[in-house]
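Work through the exercises below with the structure open. Try each task before you read its solution.

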Amino acid sequence: MVGADNDVLMDGMDLPQPHPPIFGLAGADTNGFVTKSNGNSNGSSNGNNNGSNGRSAADDEYEDDDLNDEEDDPMGYPVDFKRRGLLPTGCCYDDRMKLHANADFGAGPHHPEDPARISEIMGAFKRAGLVFSGSDADLIKTIRNCPTKYMWRIAARDAIEEEILLAHHPRHFHWVKELSEKPTYELRMISKVMDEGRDSLYVGSMTYEASLLSAGGAIETCKSVVRGDVKNAFAIIRPPGHHAEYDQPMGFCLFNNVPIATRVCQKEYPDLCRKVLILDWDVHHGNGIQNMFYDDPNVLYISLHVYLDGQFYPGAPSDPSTPDGNIDKCGADAGLGRNINIGWDQQGMGDGEYMAAFQKIVMPIANEFNPDLVIISAGFDAAAGDELGGCFVTPECYAHMTHMLMSLASGKVAVCLEGGYNLAAISASALAVARTLMGEPPPKFEIPKLRKDAARLLARVQAHQAPYWECMRPGVVDVLDLQSQGALRLHDVIRSFQRHMLSVKHGMFPLFIQRSSIYKSFEDQVLVTRSLSTTKKIIVIIHDPPELVAQPDVLDNSLDSHNSWMNDGVMPYIDWAIEQGFGVIDINVPHYSNQPEVSFNRCDKIHYISMDTVYAEWLTSNQDNESFIPRINEEVIQSQIQELVCYIWDNYLQISETAQQIFLLGVGNAYLGVKVLLVNRDCKSRIDGVVNFVNGSLRAVKSDADPDLTQWYKTHSRVYVGADHACWQTSEFTRKISKRRFGDVVRSPFMGLNRMLKEHADDAHEWILERLPGTEGNTTEDES
């Protein structure tokens, strides 16, 4: 074809072969390799795929002649090198794949799926010296002496219909095929309509031909690796494929190249290629690959992508029964456990997160699966510099991930290009992968610290995969099995203990919260003294749950109750307050919300629905079945605490005629409740003082509606902040917290909430008592 790229990776790879390609497909040579499988490399037209079955003596003699021809061919790969396992790295590239271009050539910006993507990568390979560019005489010398010095050409060819139908519906194939027969105006209209939303696709007059080459290139690349013609290979192909579904194109993808190649290899080489690992590191979830193999036990699909609660492309499928890219989608039927989604909650992930995912999830499972072939769906849109992906994976990280995968399947790794839209980033990343494939050690680099949210997500992925992989089970609790035995979460047990102790010692009892949106979250979490309605002094304590400390067995990670401790620094403050004649409202703010999220539409339509019914439904379908549940996020906890403290103020404190002195005590992250009460209720005239113990975010108390609030807070508060808090790290931070809105901040010499509570107890008690009328200001706990 005119315009085809005539540059060679090793000159002479496109010479006529002793075996003409089956089906008469141009460019189906094997780069000088003559193997026993060459006669049916594209799938036998007579249905004979079983090695020597049906072969004649003449066939064997003909094959022997081919071997002699190879030994005599100066352009052929040296047989001696191949026998010793010194195989080159293959590369598949064809300039004709650039002919897939957008027929809608309007004035808008160029489409990110740029035809130049593949030529930029090939150009980077050439500039780096991975591709031979000398004379024929030098080529022959190089082949004889050091044939692995350069990449070995794997010629692309058109995939045939029978191969594509191994992964796609016939209707889908013919839809793509008919594009080549449509007039330009119709192609432009198709592009204009489909290049939006989830379809996100453009087409042109040569889309079909380029798509056949892309799929055929993936097939030949994988087959060359499976046969052992090359040790590994890189297919620089487009259009990409991993979004294309069984029956529809989408996301820049027409035919799904990797599943097609996988099916062909499994069909033609059942003894060599039974189990296939597909590792997809494109920043977008490979929905098409997932759905094609979702119930296949012989294909393990692992995807690292941005999920963003289903908001990141490809987003939610139109059919609710179709699985998306969430981490809980683990496969179906015989394929349970063969689908692993590592779907990041946010963009911005980088080397630390990807290396951790490989070390903690990908490689342990891949080793247990023990594949015969590894195919990398290599999208480079998670690379640093790609604006669509918004992540920060470096070329060094791609090299290390490739190196780890090369330890699998006897090194049989085929890399097939998917996405990646920053030309500089995609070239640098692909080059790093190619260098590693060719045997260069991955470069030394510093792995950044793993983000906390990413670490928690990896733990959740591990928990979801634990039922299917032995390597994922250590340290993961089987929640469903425990629940079937009547087990309770420990936070319920601890609060029940606290309730019992406070009831026995002080007669405290639970306060029922008559708010449907929060009553389940704070059931038994608010305890009050019986004299609350008649006491003149009230202290409201808003605190985090007690600290839990445990020492597991170092051999089997088992945990015994006698090696576990609960550290509750708040209980002595309750004892002291009651001894001083205070009425007490004790508010324990759980780190975990078990409140069902009921849609208002449901409540509007069925206004008589029982919240207990909703809660029961939620328990059977929600995250309560997960072994690890992250702490409730700031937005939700602030909303719930605000509703709770305002409810208590409105119904018990504001209307009390006997309460003359009210104090607030905030402990830990729960001291957020102090802030939201002061900001959302005009209550400062009724409150005599605020004491806070802080080890997390330092909250500013200010209100646009009440400009005097910050000054009042400064003079009516005592805020103890741990010695290791970030606010003490720089003079600039220290200067900021001296402002009135943060209160009267005191730097504690101690670290940890419970330590601060204990060490500052006398000081806090005295500070409170000084604000009571008729006290000397020097009363301590020992004197009371």
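The exercises that follow use a predicted model.

**Exercise 1. A helix and its cover**

Task: Find the span of helix 14, and say which of its residues are buried and what covers them.

Solution.
- Step 1. Helix 14 takes in residues 452-465, which makes 14 residues.
- Step 2. From its first C-alpha to its last, helix 14 reaches 20 Å. That is close to the 20 Å expected at 1.5 Å a residue.
- Step 3. The buried residues in helix 14 are Ala454, Leu457, Leu458, Arg460, Val461, Ala463 and Gln465.
- Step 4. Residues three or four places apart on an α-helix point the same way, because there are 3.6 residues a turn.
- Step 5. The cover over the buried residues of helix 14 includes strand 6 (339-344) and helix 11 (351-369).

**Exercise 2. Order in the sheet**

Task: In what order do the 8 strands of the open sheet lie, and which are the edge strands?

Solution.
- Step 1. The order is 9-10-14-11-15-16-17-18, with mixed pairing.
- Step 2. Strand 9 (509-510) and strand 18 are the edge strands. Each pairs on one side only.
- Step 3. Now take one pair inside the sheet. Strand 11 (residues 537-543) and strand 14 (residues 583-588) run parallel, joined by 6 bridges.
- Step 4. Within that pair, Ile541 has Asp586 of strand 14 as its bridge partner.

**Exercise 3. Helices on the sheet**

Task: Which strands does helix 21 touch, and which does helix 25 lie across?

Solution.
- Step 1. Helix 21 (residues 672-680) packs on the sheet. It touches strand 11, strand 15 (661-667) and strand 16 (687-694).
- Step 2. The direction of helix 21 makes about 135 degrees with that of strand 15.
- Step 3. Helix 25 (residues 761-770) lies across strand 11, strand 15, strand 16 and strand 17.
- Step 4. Helix 25 runs at about 165 degrees to strand 16.

**Exercise 4. Salt bridges**

Task: How many salt bridges does the structure hold? Then place the pair Arg718 and Asp744 in the chain, and say how buried or exposed each partner is.

Solution.
- Step 1. The count is 27 salt bridges.
- Step 2. In one of them, the side chains of Arg718 and Asp744 meet at 3.7 Å, N to O.
- Step 3. This pair links distant parts of the chain, 26 residues apart. Arg718 is in strand 17 (residues 717-721). Asp744 is in the loop between helix 23 (731-737) and strand 18 (745-747).
- Step 4. Arg718 has a relative accessible area of 16%, so it is buried, the cut-off being under 20%. Asp744, at 27%, is partly exposed.
- Step 5. Compare another pair. Arg96 forms a salt bridge with Asp94, with the closest N and O atoms 2.7 Å apart. Asp94 counts as buried because its relative accessibility is 9%.
- Step 6. Glu770 and Arg771 also meet in a salt bridge, at 3.8 Å, N to O. Glu770 is partly exposed at 41%, and Arg771 is partly exposed at 27%.
- Step 7. Elsewhere, shared partners join Arg157, Glu163, Glu220, Lys223 and Glu268 into one network of salt bridges.

**Exercise 5. A histidine in a loop**

Task: Where is His725 found, is it buried or exposed, and what does its side chain reach?

Solution.
- Step 1. His725 is in the loop between strand 17 and helix 23.
- Step 2. His725 counts as buried because its relative accessibility is 12%.
- Step 3. Its side chain reaches the backbone oxygen of Gly696 at 2.4 Å.
- Step 4. Leave aside neighbours within four places in sequence. His725 is then in contact with Val694, Asn695, Gly696 and Leu698.

Conventions
Residues numbered from 1 in each chain as written. Predicted model: local features only at pLDDT ≥ 70, side-chain atom pairs only at ≥ 80, totals over all residues. Heavy atoms only, no water. Helix = DSSP H or I, 4+ residues; strand = E, 2+ residues; numbered from the N terminus. Expected span 1.5 Å × (residues − 1). Buried < 20%, exposed > 50% of the residue type's maximum accessible area, 1.4 Å probe, protein only. Contact = heavy atoms within 4.5 Å. Salt bridge = Lys/Arg side-chain N within 4 Å of Asp/Glu carboxyl O. Polar contact = N/O pair within 3.5 Å; in protein donor to acceptor, adjacent residues only side chain to side chain. Pairing = 2+ DSSP bridges. Axes fitted to C-alpha atoms, helices over the stretch in contact; angles between N-to-C directions.
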